[in-house]
Each structure stands twice: as structure tokens, then as C-alpha cells.
Amino acid sequence: MPLDRRRITEAALELLDEAGLAELSTRRLAARLGVSSPTLYWHVKDKAQLLDLLAEAICEDAFDIDETADWRGQLEQGLHQFRALLLKHRDAATLLRERLPGPNRLAHIETTCRILLDAGFTPEDTAGIARLLTAHVLASAETPARTDPEFRNRLAGFPTVAALGPAFARTTADELFALGTEVILDGLAARRK
């Protein structure tokens, strides 16, 4: 099978899923593809371009928004679809946070901004809200830090946090995403009035 950008991107996504963003390198990718690094560089000029290709591949699927839904329903659909794209690949949220948007991601941003403007938000609010929504989804899709068993010892002198410890521990990433989405959309509805 000839080497092309599609094959390179697919192999890089597999490597990302297996090793993570920190371990992704053009050398490892070339080895996976069974080619030399100079051969890989014929198709991808450097690691930055490779990361841009990966970010675009992750965002390749377009949002499928039901335009008959109200603005809130449309935004909620988009948030869930964006998060689903991120959860398909290890470190996808971290990667997107580090790369400038390409055409696929810009199409997602375009959809979000159109929904907000059509709902009556000002251009200034729309720009800020779009960034807030993106940050919410990216944060919800990142791998949470591991809890250190010794952490309980740090809670001495912080009785409120200590009392909430079980609630913090019980809340799943999906529940936190749903709660954050609800709180943000409720706030937007109140602001819109």
C-alpha cells in the first residue's frame, strides 16, 4: 500500500491511542509505517504538521444538529457530539488545546457561532460563549489526575472540602459534563432574557 497522508494520519491516530501524545514522535510513526524518517518527511514536513493532521482527523466528523430544535437543544447536541469525538482518541482534548483550528474544527466553531447569533446573542457574547463552551468540552474530555492516597492528609484544616470528599469521588466525568452543560446553558438562558 503506497504511503500517503491518509495512511500516515491513520497510523498516527493508532499510535496516539496506544502511546499518548507525549510519546508520539515522527521516528516512532515512521517505524510503525515501515519507512525511514526521510520518507515520512516527504509527506509530512515536521511534527507540527503531523499534529495538525491529527487534530483535523479527530474533528473530521461534522456535527449533525437538528435545526428544528431550539437554540439550547442545538447547543446541547453540539456539545455532546464534540465530546464524543474527543473521547474516541487518547489525549485528543490536550492535542486540540495545543493546535490552532483547521477547516474541520472551524466548521464546528462556525456551527456553534451560528446557533448563538441566531438565538440573539451579541457578536461579543457569541465569541466569548463559543470559547467557554469549547473549554468546557475540552476539560470534560481530559484524563483526570490520579488521586494520591495520601491526599486525605492534606485536607486537615479544610473541613468543607473534607466533608465533600465522597461527593467529589462519586461524581463521574459524564455526570460532571452533564452538570456543567446544564449550568452553562441555564446561565445563557438567563442572560438571553
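User: What covers the buried residues of H4?

Analyst: Quite a set of helices. In this predicted model, the cover includes helix H1 (5–19), helix H2 (26–33), helix H3 (37–43), helix H5 (71–87), helix H6 (92–98) and helix H7 (103–118).

User: What makes H4 mostly covered?

Analyst: The tally of buried residues: 9 of the 12 in H4. They are Gln 49, Leu 50, Leu 51, Leu 53, Leu 54, Ala 55, Glu 56, Ala 57 and Ile 58. To be on that list, a residue needs a relative accessible area under 20%.

User: How do you know what length to expect for H4, and what does it reach?

Analyst: The yardstick is 1.5 Å a residue, which gives an expected 16 Å. H4 (residues 47–58) reaches 16 Å from its first C-alpha to its last, so the value sits close to expectation.

User: Why is Asp 46 said to cap H4?

Analyst: Look at the N-terminal end of the helix: a side-chain oxygen of Asp 46 lies 3.3 Å from the backbone nitrogen of Ala 48. The cut-off for a polar contact is 3.5 Å, so the 3.3 Å pair passes.

User: Which stretch does the tetR-type annotation cover?

Analyst: The unreviewed UniProt entry puts "domain: HTH tetR-type" on residues 2–62. In the model, that span is 69% helix and 0% strand, and its end C-alpha atoms lie 28 Å apart.

User: How do you know that Cys 59 is in no disulfide?

Analyst: Check the nearest cysteine sulfur. For Cys 59 that belongs to Cys 113, and it is 14 Å away. A disulfide needs the two sulfurs within 2.5 Å, so this pair fails. From the other side, the sulfur closest to that of Cys 113 is in Cys 59, too far for a bond. The disulfide count comes to 0.

User: Is Cys 59 buried or exposed?

Analyst: Buried. Its relative accessibility is 1%, and the limit is under 20%, so that's the label Cys 59 gets.

User: What makes Asp 52 and Arg 99 a salt bridge?

Analyst: Their closest N and O atoms are 2.8 Å apart, and the rule asks for within 4 Å. Asp 52 lies in helix H4 and Arg 99 in the loop between H6 and H7, so the bridge ties together parts 47 residues apart in sequence.

User: Why is Arg 99 called buried, and what is Asp 52 called?

Analyst: Arg 99 has 19% relative accessibility, which is under the 20% limit, so it counts as buried. Asp 52, with a relative accessible area of 33%, is partly exposed.

User: How many salt bridges are there?

Analyst: The count is 13. One of them joins Glu 142 and Arg 97, at 3.1 Å, N to O. That pair links distant parts of the chain, with Glu 142 in the loop between helix H8 (123–141) and helix H9 (151–154), and Arg 97 in helix H6, 45 residues apart. Glu 142 has a relative accessible area of 29% and is partly exposed; Arg 97, at 44%, also counts as partly exposed.

User: Why do Asp 125 and Arg 191 get separate exposure labels?

Analyst: Exposed means over 50%, so Arg 191 qualifies at 54%. Asp 125 has 21%, which makes it partly exposed. Their side chains meet in a salt bridge (2.9 Å, N to O). Asp 125 lies in helix H8 and Arg 191 in helix H11 (residues 173–192), so this pair ties together parts 66 residues apart in sequence.

User: What makes Arg 6, Glu 10 and Glu 60 one network?

Analyst: Shared partners: the salt bridges among them join the three residues into one network.

Technical notes
Residues are numbered from 1 along each chain as its sequence is written. This is a predicted model: local features need pLDDT of at least 70, side-chain atom pairs count only at pLDDT 80 or more; totals for chains, interfaces and linings use all residues. Side-chain values use heavy atoms; hydrogens and water are left out. UniProt positions are given in the numbering used here, feature names are shortened, and annotations may be inferred rather than shown by experiment. Helices (H or I, at least four residues) and strands (E, at least two) are DSSP runs, numbered from the N terminus. Buried means under 20% relative accessible area, exposed over 50%, partly exposed in between (1.4 Å probe, protein chains only). Contact means heavy atoms within 4.5 Å. A polar contact is a pair of N or O atoms within 3.5 Å; within protein, one must be able to donate a hydrogen and the other to accept it, and residues adjacent in sequence count only if both atoms are side-chain atoms.
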